[in-house]
Amino acid sequence: MNPPLAILRYLLLLAAAVAMPYYTEISSFPVYISQILLLLCLVRIRERPLTAPYATLLFAAEAVWTAWLVHTYGSMLFILFWSLAVSLFDRHAPALRFQLAGVLLILMNLSLSGAPDARPFEANSGFLALSLVLFRSVKTEVGREELQQLYDELRRKHYELEEARARILEYARIVEDSAQAEERNRIAREIHDDLGHKLIRLKMMLEAVLHIMPEHPDKGMEMIRQVRDQLTDSMESMRKTVRKLKPEEADVHSWSLEKLIEELSREPGFRIRYQVRGAPVPLYPSCEIVLYRNTQEAITNAIRHGGADEIEVELRYGDSSVELTVSNNGTVPKDMGRKGLGVSGMEERTRLVGGELAFDMTGRFAVTTRIPTVRT
């Protein structure tokens with residue numbers, strides 16, 4: 001049984017048994033004590049785990065015994081029905097509690113009829129008040145348990161989302177590393193199969209020239225000219241391979257902060273200052289995109305919503321992270337309040353790469369994007 005309910009149940013039972021002798025004279029005190037002890041035995045037995053038939057039978061036995069005691073002694077023993085009502089709120093279903101409480105109320109009034117020194121008004125008032133309090137407390141407890149379950153479920157979902165995000169980040173890094181490794185392997189095979197074979201053949205031709213040249217200078221010169229022509233072809237092949245290694249100029253600068261700031265600086269009406277601090281480290285393309293998009297959004301918001309005409313962009317490379325701060329001299333909001341699509345998009349992009357977004361509204365309004373990095 002629920003400990004608070006069990007304590008209340010025993011307190012009511014003992015209060016009725018102890019108060020009874022003070023209000024009504026008892027002819028045989030030992031008999032009275034033995035009858036109360038029998039009731040206590042029924043209460044203790046009902047606390048054990050029982051099957052439905054036995055639980056119903058014992059409940060009925062306790063109710064009948066309580067009614068007999070109240071009818072025999074009257075006075076304050078009606079509190080025993082209050083104690084019995086408390087037991088309804090431990091194991092019985094909510095719908096059954098109303099029915100059993102009604103049965104106990106009727107049984108209590110029947111036992112009070114003809115009882116010595118009966119007090120039906122106090123008995124009924126107390127029974128109804130106690131039942132109402134218990135119904136409300138149980139309902140509150142059920143609501144609290146449901147909220148706790150909902151909180152636990154949300155927390156579990158949060159952990160699952162965090163694990164899924166970590167797996168996605170790890171998968172993205174693996175895909176990028178795999179793509180780079182595959183491209184390096186392709187270029188290595190191309191160099192080995194094409195340029196490597198040509199160089200080996202040229203080496204063999206030069207060795208042949210060393211043997212032929214003393215006796216057949218004309219033939220040796222002809223072979224040297226062939227080596228020269230083939231070297232020209234090999235150099236052209238090497239240039240093609242190098243051009244494949246170097247991405248297109250548009251791809252190189254597509255997510256460049258320098259290019260973005262250079263383009264925005266051409267716009268009249270505001271100034272942009274850009275600084276880089278620390279030792280730069282190579283960043284994953286996904287991180288470069290996040291920095292580019294967040295800078296673009298921060299500058300746009302500063303001009304559109306803050307009315308700024310001076311913007312500072314600072315990129316700081318640390319030992320374990322890279323930080324991008326975009327500050328402006330525009331109007332500083334009192335609080336972020338309801339975040340629009342732009343700010344929500346910045347936060348979402350940053351979280352996807354394992355970073356965090358912070359706002360500073362103490363002086364100049366500033367937005368800082370912090371992304372973890374790994375130095376090799």
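This text walks through the salt bridges, one strand residue, a helix and a cavity of a predicted model.

Start with charge. Side chains of opposite charge can pair when their charged atoms come close. A search of the whole structure turns up 18 salt bridges. A few of them are worth following in detail.

Take R271 and E310. Their side chains meet in a salt bridge, with N and O 2.6 Å apart. The pair links distant parts of the chain. R271 sits in strand 1, residues 271-277, while E310 sits in strand 2, residues 310-317. The two residues are 39 apart in sequence. Their surroundings can be read from the accessible area. R271 is partly exposed, at a relative accessible area of 47%. E310 is buried, at 16%. The cut-off for buried is under 20%, so E310 falls within that class.

E310 has another partner. R273 also forms a salt bridge with E310, and here the closest N and O atoms are 3.3 Å apart. R273 lies in strand 1 and E310 in strand 2, so this pair ties together parts that are 37 residues apart in sequence. R273 counts as partly exposed, with 38% relative accessibility.

Now move to R316. It pairs with E323 in a salt bridge, the closest N and O atoms lying 2.8 Å apart. R316 is partly exposed, with a relative accessible area of 24%. E323 counts as buried, at 19% relative accessibility. The limit for buried is under 20%, so E323 is on the buried side of that limit. The R316 and E323 pair does not stand alone. A network of salt bridges links R277, E314, R316, E323, E356 and R370.

Next comes S327, a residue of strand 3. Is S327 buried or exposed? S327 is buried, with a relative accessible area of 10%. What does S327 touch, leaving aside its neighbours within four places in sequence? S327 is in contact with E310, I311, E312, R364, F365 and A366. E310, met above in the salt bridge with R271, is one of these contacts.

Turn to helix 11. This helix has 20 residues. From first C-alpha to last it reaches 28 Å, close to the 28 Å expected at 1.5 Å a residue. Several of its residues are buried, including C287, V290, L291, Y292 and N294. T295, A298, I299, N301 and A302 are buried in helix 11 as well. An α-helix has 3.6 residues a turn, so residues three or four places apart point the same way.

Finally, look inside. The structure holds one cavity of 30 Å³ or more. About 30 Å³ of space lies in the largest cavity. Which residues line the largest cavity? They are N294, T295, A298, L324, V326, M346, V367 and T369. Helix 11 (285-304), strand 3 (321-328) and strand 5 (365-372) each supply at least two residues of this lining. Helix 11 gives the largest share, three residues. N294, T295 and A298 appear in the lining, and these residues are buried in helix 11. What is the make-up of the lining by class? It has five nonpolar and three polar residues, and no charged ones.

Notes: Residues are numbered from 1 along each chain as its sequence is written. This is a predicted model: local features need pLDDT of at least 70, side-chain atom pairs count only at pLDDT 80 or more; totals for chains, interfaces and linings use all residues. Side-chain values use heavy atoms; hydrogens and water are left out. A salt bridge is a side-chain nitrogen of Lys or Arg within 4 Å of a carboxyl oxygen of Asp or Glu. Helices (H or I, at least four residues) and strands (E, at least two) are DSSP runs, numbered from the N terminus. Buried means under 20% relative accessible area, exposed over 50%, partly exposed in between (1.4 Å probe, protein chains only). On a 1 Å grid over the protein atoms alone, a cavity is a set of points where a 1.4 Å probe fits but cannot get out, and a pocket is an open set with protein on both sides within 12 Å along at least five of seven lines; lining residues have an atom within 4 Å of a point. Grid points are joined across faces, edges and corners, and a volume is the space filled by probe spheres set on the points. Ala, Val, Leu, Ile, Met, Phe, Trp, Tyr, Cys and Pro count as nonpolar, Asp, Glu, Lys and Arg as charged, and the others, Gly among them, as polar. Contact means heavy atoms within 4.5 Å. The expected span of a helix is 1.5 Å times one less than its number of residues.
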